[in-house]
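Trainee: I would like to know how the labels on a structure are earned. Can we go through them one by one?

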Amino acid sequence: MSSGSDFKSVKERVFGELGLYRQLSGLYDGQWLAGEGRRHVSAYSPINGEWLADVAVGDEEDYDRMMERAWLAFGEWSKVPAPKRGEVIRAIGDRLRAYLDSLGLLISLEVGKTPVEGKGEVQEMIDIGDFAVGLSRQLYGSTMASERPDHRLYEQWHPLGAVGVITAFNFPCAPWSWNALIAAVIGNVVVWKPSPDAALTAIATTNIVNEVLDEEGLPPLFFLAVDGAGEIGRRMSEDPRLPLLSFTGSVQTGKEVAAKAAARLGRTVLELGGNNAAIVTPDADLDIALKGVAFGALATAGQRCTTTRRLILHESLYDSFLPRLVDVYKEARVGDPLDPGVLVGPLIRRDAVGSYCSAIDRAIGEGARVLAGNSVLTLDGLEGGNYVQPTLMEGMRADSQVICEETFAPILYVVGYRDLDEAFAIHNRVPQGLSSAIFSNNLREVEAFLSVVGSDCGLANVNTGTAGAEIGGAFGGEKETGGGRESGSDAWKAYARRQTVTINYGRDLPLSQGLTFDVDQDGGG
Ligand code: UN1
């Protein structure tokens, strides 16, 4: 276990390298808002409960000024040719590379991820930056054959203006970058409201990216507003100055955001809850399956949208696979994520520990048996941290309610199946539809899983777990996950408005569908 002084020295170093102070500003409108006389929110580390910093938050007036400046910046930025915008994003990516270690460690301090996972998240920002640079020369529109002579018909894609991005604590910066760097390369500017539990990472990231813009003589493009009491989130949902709002978070809040945005006919990209399952069949490579299920269920202490929450296990594997998984659960080290060898860090807040306990109690009430875990841990020197033992449960009732819910904690429910149709029925029974996995070397099983009667999720993985998507694919899910897509593939189109252009370069005016409309038939009046 790492000593308290490790925490302090890591904090000193990381805060120094990232230019963070004890008093920080949470509003960036091109300049950092001065903190004096403002309301503050405090950041504490889930590792040990220690205070990290105070953050000044803006009010309604500050928010309005930020939106005005965002639109002014849009006027300038949208006129820069897209490949030039790509060059700017490349410089941003290079700068993020220089901060890979310190930003990764800040994520550990602030939300309790292991440094490997913290850096992995910064790597996702770097990767999507590279993707955006390539995209800057590939914002293709289609050309269609016109039915009229001497006519040209094609599509072009324009930026929307200011794009709002609301992110969750569990990935403090990667989802911002999937939205922000793609939106920016198209010519948009971005207004970010991070989770109040991950404000410091957002402040550090905003600092880094705007510093590059400043050096390039460009206006600030990446605006930030840390929320004090939910006001800014509400304003953003209702604000017509944000034609698109990308929201990552719970199903419940996502429904509220979507309803408010829809009321003004604004667009949304929603990445809401997941309740992801891995199916392990008798034809699986069990070593691969074990690792894939363990990573999916335990990484980030079960606090990913893509976390494996259900294991759909063929009944013939109960005696071979399950004992091995129980061993993994018993041996996985829980503790200070800064300590090498620790796999599972803390939960974000005390109330998340409460949700963990109540989900387990309800599952037991619904007939489940605990195979491993079910304990809240108080660790020496880390009494203020929120630690729980990862929990493996089995024997749920078929109509269990708790299994249909996403509990943001390391709890994995094992459900048995006899044939593949039954496995798919169990798999698709939950209301969420983000990620899914099958472990099998049987071509027929795999193809059935990928067919229309198989996984109903946005992400379908074969012989790799539900978590850990690459940025190159479109990321998001179906049903209550919200239907949004972010990151790679053609997800960029969500941040652009499509314009269908028709040009007549002839000496006549032929009408579509062969219509005639002869206004000068009789030579007029
Ligand atoms: C999330 O939990 O909201 O696929 C994002 C993964 C990560 C992203 C998770 N690349 O697990």
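Mentor: What follows is a set of questions about the ligand and the two domains. Keep in mind that this is a predicted model.

Trainee: What makes Glu124 one of the residues around the ligand?

Mentor: The cut-off is a heavy atom within 4 Å. Glu124 is listed in that shell. The others listed are Asn170, Phe171, Trp178, Glu271, Arg304, Cys305, Thr306, Ala467, Gly468, Ala469 and Phe475.

Trainee: Which classes make up the shell around the ligand?

Mentor: It has 6 nonpolar, 3 polar and 3 charged residues. Gly counts as polar here.

Trainee: Why is the pair between Thr306 and the ligand called a polar contact?

Mentor: The limit for a pair of N or O atoms is 3.5 Å. An N or O atom in the Thr306 side chain is 2.6 Å from a ligand oxygen, so the pair qualifies. For Arg304, a polar side-chain atom lies 2.8 Å from an oxygen of the ligand. For Asn170, the distance from a side-chain N or O atom to a ligand oxygen is 3.2 Å. The protein buries 99% of the 320 Å² that the ligand exposes when taken alone.

Trainee: Where does the ligand sit?

Mentor: In the largest cavity. The test asks for more than half of its atoms within 2 Å of the cavity's grid points.

Trainee: Why is the ligand said to lie between domain 1 and domain 2?

Mentor: Domain 1 covers 4-272 + 485-498, and domain 2 covers 276-474. Both give residues to the ligand's shell, so the ligand lies between them.

Trainee: How far apart are the centres of domain 1 and domain 2?

Mentor: Over C-alpha atoms, 30 Å separate them. Their contact takes 32 residues from domain 1 and 27 residues from domain 2.

Conventions
Residues numbered from 1 in each chain as written. Predicted model: local features only at pLDDT ≥ 70, side-chain atom pairs only at ≥ 80, totals over all residues. Heavy atoms only, no water. Polar contact = N/O pair within 3.5 Å; in protein donor to acceptor, adjacent residues only side chain to side chain. Areas by Shrake-Rupley, 256 points an atom, 1.4 Å probe, with all protein chains shown as cover. 1 Å grid on protein atoms, 1.4 Å probe; cavity = no way out; pocket = protein on both sides within 12 Å on 5 of 7 lines; lining within 4 Å. Domains from an automatic or database assignment. Contact = heavy atoms within 4.5 Å.
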